[in-house]
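Open the model in a viewer and follow the stops below in order. Each stop gives a selection and then what is found there.

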Amino acid sequence: MVFQSFTYFWFLVAVLAGYFALQWPVRRGAAWARPAQNLGLLAASYTFYGWVTPWWLLLIVTTTLVDFTSARLLSRTNDPRRRRLCLTASLVATFSILCAFKYFGFFAENTAAALQSLGVPAAWLTGNPVGRFLLDVGLPAGISFFTFQSASYVIDVYRGQTAGRHSLVDYALFVSFFPQLVAGPIERSENLLRQVERDRRPSLAGWRSGLVLLVWGLFQKVVIADSAALLANKVFALDDPTFPVLWAGVLCFGVQIYADFSAYTDIARGSARLLGFELLRNFHHPYLAQSPADFWHRWHMTLSTWFRDYVFIPLGGSRRGATTTARNVLITFLLSGLWHGASWNFVVWGVFHGALVAVWPWLSRVVPWLGRGGGLPGVIGRVVLTFVLVHLGWLLFREQSIVNIGQALQLAPWDAPAAHWRMGLGLVAEAWLYALPLMVVLPGLARLQLLPAVDDPRLLTWRWTLAQGLALAVCVMGILLLRSEVGSDFIYFAF
Amino acid sequence: MASGPIALVSRRQALAQLAAVAGVGVAVPAVIGRRLPRPSNADDVDTELDFNPSAERRDLEKRNPGWVLIGNSMLNSRIHSDLLQRASGWKCAKLAIGGTQSAIWWLLFKNVLIASRARPLRVSVFFRESDLTWPDFRLSGGNAELISRLKRRHEPEWDRVMAGRKPVVSRSAAAAERFFGVDDHDDWARRRVQDAAFSLTSLEGVKRGKRRLELNELFALDQLREDLGDDGGSGGEEPAPGIATSDASDASDAMPPDPGMYAQAPTVFDPSPAASFLPHFIELAARHDIRLHFHRVKRRPDTEGRRPDLPVFRRYQKDLAAYLRDHGCAYSDESGDPELDLSWYQDGDHIDRERRDAFAVKFWALVRDRIGAPPPGGTGRLT
C-alpha cells in the first residue's frame, strides 16, 4: 500500500476510527484498552505491509521473534560470554535475512564473474532452487529499515541502554508500526517503543499539525518529487547526453530524491501524529549544509545516527587519531552506501561521501573559509560547494552503470550546443519552480523562526490556526492543480 | 505528546480550531477551483505543435473537403492529403494527431469537424486492433491536455462512455476533482509552470514553441538508451506531460507491434453506446448525412510480410466488420495485403513516408468501391 493513494486514505480513516473508539477507555484508565489499541495497530500494520505481498509478513515476523527472544535472553543473564553469544546469534540471524534478500544477487553476480575469470564453473550459484528463488523474488519493501530498527533494540539491550521488553505485541508494533515501516524514519526503542508502551493522548493541536504535515508530505511527493522525476528520468534515459543536459538531470534528481524522501517522512510523521505518536525527524534543510559532514547531520538523520552509534563509534570513532578516524569514516560510509543498494555505484557513492567527510577537516586547515568564518560570502561559498559535491554524489547514486558514470564525468561543457544549455537551464528551472516551497520558502520561514514546533503554545492562537488552514489550502490546491500525471514509487522503497 | 499546551485552551476552542484548519484547507481550494476559468481552447496555442481546434475548424471551412480522414500517426504516415486527392479525385483533409486514440477521434469528429460549417460526404477513421472500442486508452499525458481543449462543458456521450470506467478507488479521486472543480486544470497549470521556466531561462528570446520542439527532439525515442525501451525514461507508458507533445506520442506509436501494447485492450466486441464512441460516431454521422468508413491498418509484418491477427482479436474483427456493415458504414482492412511487406515500413507500424505516393494509389484501389466516385470538384457541402 502506498501513501499517495486513496487506498491509504481509506485505510488510515478506518485505523483512526478503530483506534479512537478505544481512546475513551484509555483516558478512563481501563487496563485492557491500550493493549487492545496496540493489538489493533499491529493488525493494521501487518495488513499494510502484506497488502500486496502477504508472504513478506514472514520476514518481519521472523525478525521480530528472533530479536524479541534474543533481548529477553539478554536481559536474563549477566554472563558476558552468553550475552555476546546471544547478541551475535541475533545479529547474524537478522542480518542474514537482509543479506539473503538484498545482497544475494549482487554477491552471486560478482562471485560468478570472478569464478568464471578463473575458469571455474559458477552456474551452481544461481542454478539451485534457493538461488533461483532469491533472484526471482525481488527485494521486500522496507527490509533494510525494519532490520536496522530491530537490531538497534537488541544492541541497546546488550549495552544496557534499554531493558528487554516483556510484551511481544508492543515489540512487534515497534518493529512494524505502519507509518514508518517501509521507509523510516528508523526509530529507536527509547523513542517509539516507549510511546508504544504508554497511553497516548493525541491532542487536537497535534491533529491539526499532523493533518498539515500529512498533506504537505503528499504535496512534496505528487507535485515536487514526481515532477522532478519525470525530468530526471528522461535525462537519464538518454543514450548520449551532453554536459548541460546531464547535469540538469542530476539537479532534477537532487530535487526528486530530497522531495521524495522528505515526503515519505512527513506523511509518516503526520499519520503517526494523528495517532498520538511523535516520530523522529529525518531532514533539516540538507541543501543548506556547509560541509559534507553537516550534510549528513541534516540528511536521513535517523540513518546517520544509526551508523554513528552502531558502526562508527564501536570502530573507535574519532578518538584514536586522524588516520584511524578517516578509516572509520570510510568504513562507515562504505557500509552506508551498501545499505542503500546492492550495486557498485552505491559502494562508490558511499566511499565518495566518506572521502569528502574524511578529507574536509584537512582541507579546512589549508583553506580556512571551508571550516568557518568568511562572513556571508564564506557561508554562501560553503553551501554552494557542498551542494555541488552532494550533486556529484547524486550522479553516482542515480546512474547505476559505472561505465556510464565514467562517460558522464568526461563530458565537456564546451562540446554542447547552445540549444542544449537552453534546454538544461529550462529543465532545472522547471524542477526548481516546483520545488520552491521546499527549497526556498520553508528554509526561509525557518530562518525567520516562523515554523513553530508541534508543542509551541503559539499554535493555539487563532492567528496561527488561520495560518495553518491557509498552508493546508495551498497544499491542497497545489496537489489538485500541479500533481504529476505520471506517479512513481518512493525511491527509498527500493532500499 | 503535546499534552501541555492543550491545557491552555478549552476543548471546545481546540475543536473549533481544528475544524477551522480543515475548513479553510478544503473551502479555499474549492472556492478558487470553481472560480478558475476553464482552460481556453485558443489561449494555449503558441506553437506549430499545438493543435488549435478553432483554427482547424476555420481551415476545414476554407478548404471544404469532400473526404476527411481521422486518426493518429498510422494515418499520418500513410496518407498525404494532396497525394490521395490526386489519386481519388476527392478533395481530402486530415484530422490526425499522433498518439491519439478513439476518445480524441470522437472529439475531433464532433467538436472540430461537425462543429465547423464544413460537411464532407465521407469520413474515414484509421485504427488498429480494437482501438475503436477502447475509449480509455491513452487519455493521460499530452492527450489529457488535448482532451481539455477539445471537450466542451456539456458532453453527454463522453460522460456516458467514461462513466464507471475507472477502478473503484479512483472514484474517490474523481469525486474530489468534481468537488474542487479542477478536473480540467492540471495539465493547464503544469504547462504554465513550464512556460514560466522557459521565460526564466529565455536567454536568446527563443519562443516557447521552439523550446518545446527542442525538448521533443532531445527526448525522441531514437535518442534513448537501447536497454530502456519506450517507457524507460518516463516511468510510464504515456508521454510525459510538459515534455512530450504530439511528436513524442508519435514515437510511442512507432513501437514494434507486440501483444503487450494491446494486452489490456477489449477482446470482445461490444456495440453498446456505453462501451465506446463508435455508436455515437455512427449516429452523429447519420444525422449529418456523412458516410463513415473505418480502415484497419496492417501492423508491422515479419520479414516475410506476414502479420496474422492475434488470436484474441480474430472474433473481434469479424464482429466489428459485421456491425459496421449492418449500420451502413464502409469497412476496409489492409492487414491481409501481402504486398505490404516490411519494405513499406519505416518504424513500428508506420509506413515509410517516402512511399505515401504509392500507398495513396494502393489505398484508393482498396477503398474505391466503398467510398465511391467523387462529386464534381470533390468537395463537401458547406452549411
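Select strand S4 of chain B, residues 122-127. In this predicted model, the side chains of Arg122(B), Ser124(B) and Phe126(B) point one way from the strand, while Val123(B), Val125(B) and Phe127(B) point the other way. Is S4(B) mostly covered or mostly uncovered? S4(B) is mostly covered, with six of its six residues buried.

Keep S4(B) on screen and add strand S5 of chain B, residues 291-296. S4(B) and S5(B) pair in the parallel sense, over six bridges. To find one of the joins, label Val125(B), whose bridge partner in S5(B) is Phe294(B).

Next add strand S1 of chain B, residues 67-71. Four bridges connect S1(B) with S4(B), and the two strands run parallel. Trp67(B) has Arg122(B) as its bridge partner in S4(B); Arg122(B) is also one of the buried residues of that strand.

From S1(B), go on to strand S2 of chain B, residues 92-96. How many bridges join S1(B) to S2(B)? There are five, and these strands too run parallel. Ile70(B) can be used as a marker here, since its bridge partner in S2(B) is Leu95(B). Leu95(B) points the same way from S2(B) as Ala93(B), and Cys92(B), Lys94(B) and Ala96(B) point the other way. Five of the five residues of S2(B) are buried, Lys94(B) among them.

Stay in chain B and select helix H15, residues 356-371. Show the side chains of Phe359(B) and Phe363(B), which are about one helical turn apart because they lie four residues apart in the helix. Both are buried.

Now turn to the aromatic rings. The count over all chains comes to 69 aromatic pairs. One of them is in chain A: Phe3(A) and Tyr8(A) form a tilted pair, 4.6 Å centre to centre with 55° between the planes. Both Phe3(A) and Tyr8(A) are buried. For another pair, return to Phe359(B) and Phe363(B): their ring centres are 6.1 Å apart and their planes are at 15°, so this pair is stacked.

The next stop is a helix pair in chain A. Select helix H8, residues 143-159, and helix H9, residues 168-176. At what angle do H8(A) and H9(A) pack? The angle is about 135°, and the axes are 9 Å apart. H8(A) is therefore oblique to H9(A). On the H8(A) side, show Phe146(A), Gln149(A), Ser150(A) and Tyr153(A); on the H9(A) side, show Tyr171(A), Phe174(A) and Val175(A). These residues make the contact. Coloured by class, the contact residues of H8(A) and H9(A) come out as five nonpolar, two polar and no charged.

The last stop is Ala163(A), in the loop between H8 and H9 of chain A. Is Ala163(A) buried or partly exposed? Its relative accessibility is 49%, so Ala163(A) counts as partly exposed. Leaving aside neighbours within four places in sequence, Ala163(A) is in contact with Tyr153(A) and Val157(A). Tyr153(A) was already selected as one of the H8(A) residues in the contact with H9(A). To finish, put a distance between the C-alpha atoms of Ala163(A) and Leu74(A): the separation is 9.3 Å, and the two residues are 89 residues apart along the chain.

Notes: Residues are numbered from 1 along each chain as its sequence is written. Chains are lettered from A and ligands numbered from 1 in the order in which they are written. This is a predicted model: local features need pLDDT of at least 70, side-chain atom pairs count only at pLDDT 80 or more; totals for chains, interfaces and linings use all residues. Side-chain values use heavy atoms; hydrogens and water are left out. Axes are lines fitted to C-alpha atoms, for helices over the stretch in contact, and angles run from 0 to 180 degrees between N-to-C directions. Angles under 35 degrees count as roughly parallel, over 145 as roughly antiparallel, 65 to 115 as roughly perpendicular and the rest as oblique. Contact means heavy atoms within 4.5 Å. Ala, Val, Leu, Ile, Met, Phe, Trp, Tyr, Cys and Pro count as nonpolar, Asp, Glu, Lys and Arg as charged, and the others, Gly among them, as polar. Buried means under 20% relative accessible area, exposed over 50%, partly exposed in between (1.4 Å probe, protein chains only). Two strands pair if DSSP finds at least two bridges between them. Rings of Phe, Tyr and Trp (its six-membered ring) pair if their centres lie within 6.5 Å; planes under 30 degrees apart count as stacked, over 60 as edge-to-face and the rest as tilted.
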